[in-house]
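Please examine the structure shown here, together with its sequence. The paragraphs that follow lead through its aromatic rings and then turn to its ligand.

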Amino acid sequence: MGYFKKELAKRQADPKGRRWLFVPYDQLSDQIGPLFREDPKNLGIVLVETPWKAARRPYHKQKLALILANLRHFALEQAGRGVAVRHVIGEGPYATALEPLIPELGPLRVMRPAERELRADLRKLVDQKSLQFIPHEGWLSTSEQFKESDPKASPWKMDTFYRFIRRTTGLLMEGGKPVGGRYSFDAANRLPWHGKPPVPEPLSFPRDPIKEEVGELIEKRFNHHPGRLDLEAIPANKKDAEKLWSWARTECLPLFGPYEDAMSHRSRSLFHTRISSLVNIHRLLPSLVISDVATMKLPLESKEGFIRQVLGWREFVHHVHETTDGFRNLPGARMPVEKAPGDGGYEKWAGKPWGSSEKVKGPDGGAAPCALGCDGPLPPAYWGEKSGLACLDTVVSDVWAEGYSHHITRLMILSNLANLLDVRPRELTDWFWVAYTDAYDWVVEPNVLGMGTYALGSLMTTKPYVSGAAYINRMSDYCPPCAFNPKTDCPFVSLYWAFLARHEALLKTNPRLTMPMASLRKRSASRKKQDQEVYKRVREILGKGDNVTPQNL
Ligand SMILES: Cc1cc2nc3c(=O)[nH]c(=O)nc-3n(C[C@H](O)[C@H](O)[C@H](O)COP(=O)(O)OP(=O)(O)OC[C@H]3O[C@@H](n4cnc5c(N)ncnc54)[C@H](O)[C@@H]3O)c2cc1C
Ligand code: SF4
């Protein structure tokens, strides 16, 4: 018997006469729901580990380790409080792992899972009344509030929802008005970072026997998954979560606002908090981080900026995902749905299909909207082949090192380039899903399909987030060591104009693109032809997994 099993057995309480709760991998908190309110002596929890979940996609090793280590620590923490713990290792879907337990434990409850994929998996048990969904208390707003915030429904605007929720919660409000006279200080949050002020050093979290055992399991059973495993970068228990949040509060948040949009090869996170992977599994509660920040002494642009991300964006994307059934039902249209989970370009990079030839059975692979009709493959550069574009190579290497990069790198490097190359949005979404430790369908799909790629058209954002080299050069230090010069030969420049030209018919009436579309019209025919050639060349070279150089363009 391994260390975890022995420790759990030592702490195990008498399971008789308990009311049982299924706790999914992303609800690891005893500060919400029945675990918070009910007497631990009357409660039992079921925790499930199943390699079936890992087999569905080529998830980053770090993500598997983060979830398993937190789940096992959570099991011991709850057993230590007197909660009876049933830890199950399944082989198939979650429903298959839970079903045999029902005759013994009675009908289970579960807080309504955040992931649609898990809800779909559990549907059968809910229908046969073996499992009951109860409200998920981790969210900060309700679907009724979301509907009320904007009665005309789509297109949904984050700002409208955010203002509504600020007014209803009274957060950062004074006498019915926003503190500082404005709801958003986004415009004050656009400083580049030139090496000063010093950025906080990311924390490391000591190895412990649980992490060691999880690490061994990953290396033994999940070694075919991509990414680097770094056990010390993983916050795994309650104490680690508190330590991370304390570091984020004191070291990151004071300068979070002004440098929110900056990017640097010298720091993976700059002043970003790195809390998302713990917030999304509820090791850190959104309500806690919001109430702490609301009462902290912080510059207003940092305080408001952070609150907007968690109370605004995070809640907003979840509501849009729920309302549209994961973008299957868009206003006036049903979207195509993938039969099976996508591999995010793994096969093209690895030269072999993901997993066994036998399809992993289970819920579908998600909606595949594509307003711009883009259908290109994701180049192997996203899997770590060098591209010759310093900005891309830096961010991709960050991602495979740790399963993390901050928001602007996700938006303005990874999604931006994928847009400029007409990559299929679903494939990019699947890549983000497997590569980042904080990715779950409800958050990754809206962020990539809705914000990163414009696959949903103007349903969530007013324009596609695309840029040429000038923006990247202004907001980062990626360009000086690059083989290309952002002012002369950087391919992003032509790629940007080629993108606008290819999608001119759809974008020319967009009021937020009036200026660039006017500039496009003034661009000479020969420049446009050259833009198109660069687009074709870059797609071809990166598609083969080769390096783009000033010589081969
Ligand atoms: C293309 C793309 C894909 C993304 N995929 C994910 C994803 O899979 N999972 C995920 O949690 N976030 C995703 N985001 C949103 C955002 O980039 C991350 O939440 C953030 O970078 C996490 O790092 P951090 O904790 O250091 O965040 P900070 O910058 O410190 O922000 C604080 C918190 O705000 C919340 N937040 C900020 N922006 C968003 C947002 N747009 N949506 C949801 N929550 C937000 C997160 O909980 C985050 O931890 C994505 C954004 C883009 C553009
Ligand atoms: S010069 Fe171009 S390719 Fe190189 S880092 Fe800058 S934007 Fe990226």
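**Aromatic rings and a bound ligand**

Trp-139 and Trp-442 are both buried. The model in which they appear is a predicted one. The rings of Trp-431 and Phe-432 offer a case that can be reasoned through: their centres lie 5.0 Å apart and their planes meet at 75 degrees, so this pair is edge-to-face. The reason is that planes over 60 degrees apart count as edge-to-face, provided that the ring centres lie within 6.5 Å. Is each of these two residues buried or exposed? Trp-431 counts as buried because its relative accessibility is 0%. Phe-432, at 5% relative accessibility, counts as buried as well, because the term applies to values under 20%.

Trp-431 and Phe-432 also belong to one aromatic cluster, together with Tyr-346, Trp-349, Trp-354, Tyr-382, Trp-383, Trp-400 and Tyr-436.

The structure as a whole holds 24 aromatic pairs. One of them is formed by Trp-139 and Trp-442, whose rings are 4.9 Å apart from centre to centre, with 90 degrees between the planes, in an edge-to-face arrangement. Which parts of the chain does this pair link? Trp-139 lies in the loop between strand 5 (131-134) and helix 8 (143-149), whereas Trp-442 lies in helix 19 (residues 441-452); the two are 303 residues apart, and the pair thus links distant parts of the chain.

Aromatic rings also meet charged side chains. Lys-63 lies over the face of Tyr-440, 4.9 Å from the ring centre. In a second example, the charged end of Arg-502 is placed over the ring of Tyr-535, at 3.7 Å from its centre.

The ligand comes next. Ligand 1 is surrounded by 26 residues, of which the closest are His-272, Thr-273, Arg-274, Tyr-404 and His-407. By class, this shell comprises 13 nonpolar, nine polar and four charged residues. Several contacts involve oxygen atoms of the ligand. A polar side-chain atom of His-407 is 2.8 Å from an oxygen atom of ligand 1, and a backbone N or O atom of Ile-275 is 3.0 Å from an oxygen atom of ligand 1. In the side chain of Arg-410, an N or O atom lies 3.5 Å from a ligand oxygen atom.

How much of the accessible area of ligand 1 does the protein cover? On its own, ligand 1 has 810 Å² of accessible area, and the protein covers 99% of this. Helix 14 (300-323), helix 17 (407-420) and helix 19 are the elements that each give two or more residues to the shell. Helix 19 thus contributes to the surroundings of ligand 1 and also holds Trp-442 of the aromatic pair described above.

Definitions and conventions
Residues are numbered from 1 along each chain as its sequence is written. Chains are lettered from A and ligands numbered from 1 in the order in which they are written. This is a predicted model: local features need pLDDT of at least 70, side-chain atom pairs count only at pLDDT 80 or more; totals for chains, interfaces and linings use all residues. Side-chain values use heavy atoms; hydrogens and water are left out. Rings of Phe, Tyr and Trp (its six-membered ring) pair if their centres lie within 6.5 Å; planes under 30 degrees apart count as stacked, over 60 as edge-to-face and the rest as tilted. Helices (H or I, at least four residues) and strands (E, at least two) are DSSP runs, numbered from the N terminus. Buried means under 20% relative accessible area, exposed over 50%, partly exposed in between (1.4 Å probe, protein chains only). A charge sits over a ring if NZ of Lys or CZ of Arg is within 6 Å of the ring centre and within 35 degrees of the ring normal. A residue is near a molecule or strand if one of its heavy atoms lies within 4 Å of it. A polar contact is a pair of N or O atoms within 3.5 Å; within protein, one must be able to donate a hydrogen and the other to accept it, and residues adjacent in sequence count only if both atoms are side-chain atoms. Accessible areas come from the Shrake-Rupley method with a 1.4 Å probe; for residues, only the protein chains shown count as cover. Ala, Val, Leu, Ile, Met, Phe, Trp, Tyr, Cys and Pro count as nonpolar, Asp, Glu, Lys and Arg as charged, and the others, Gly among them, as polar.
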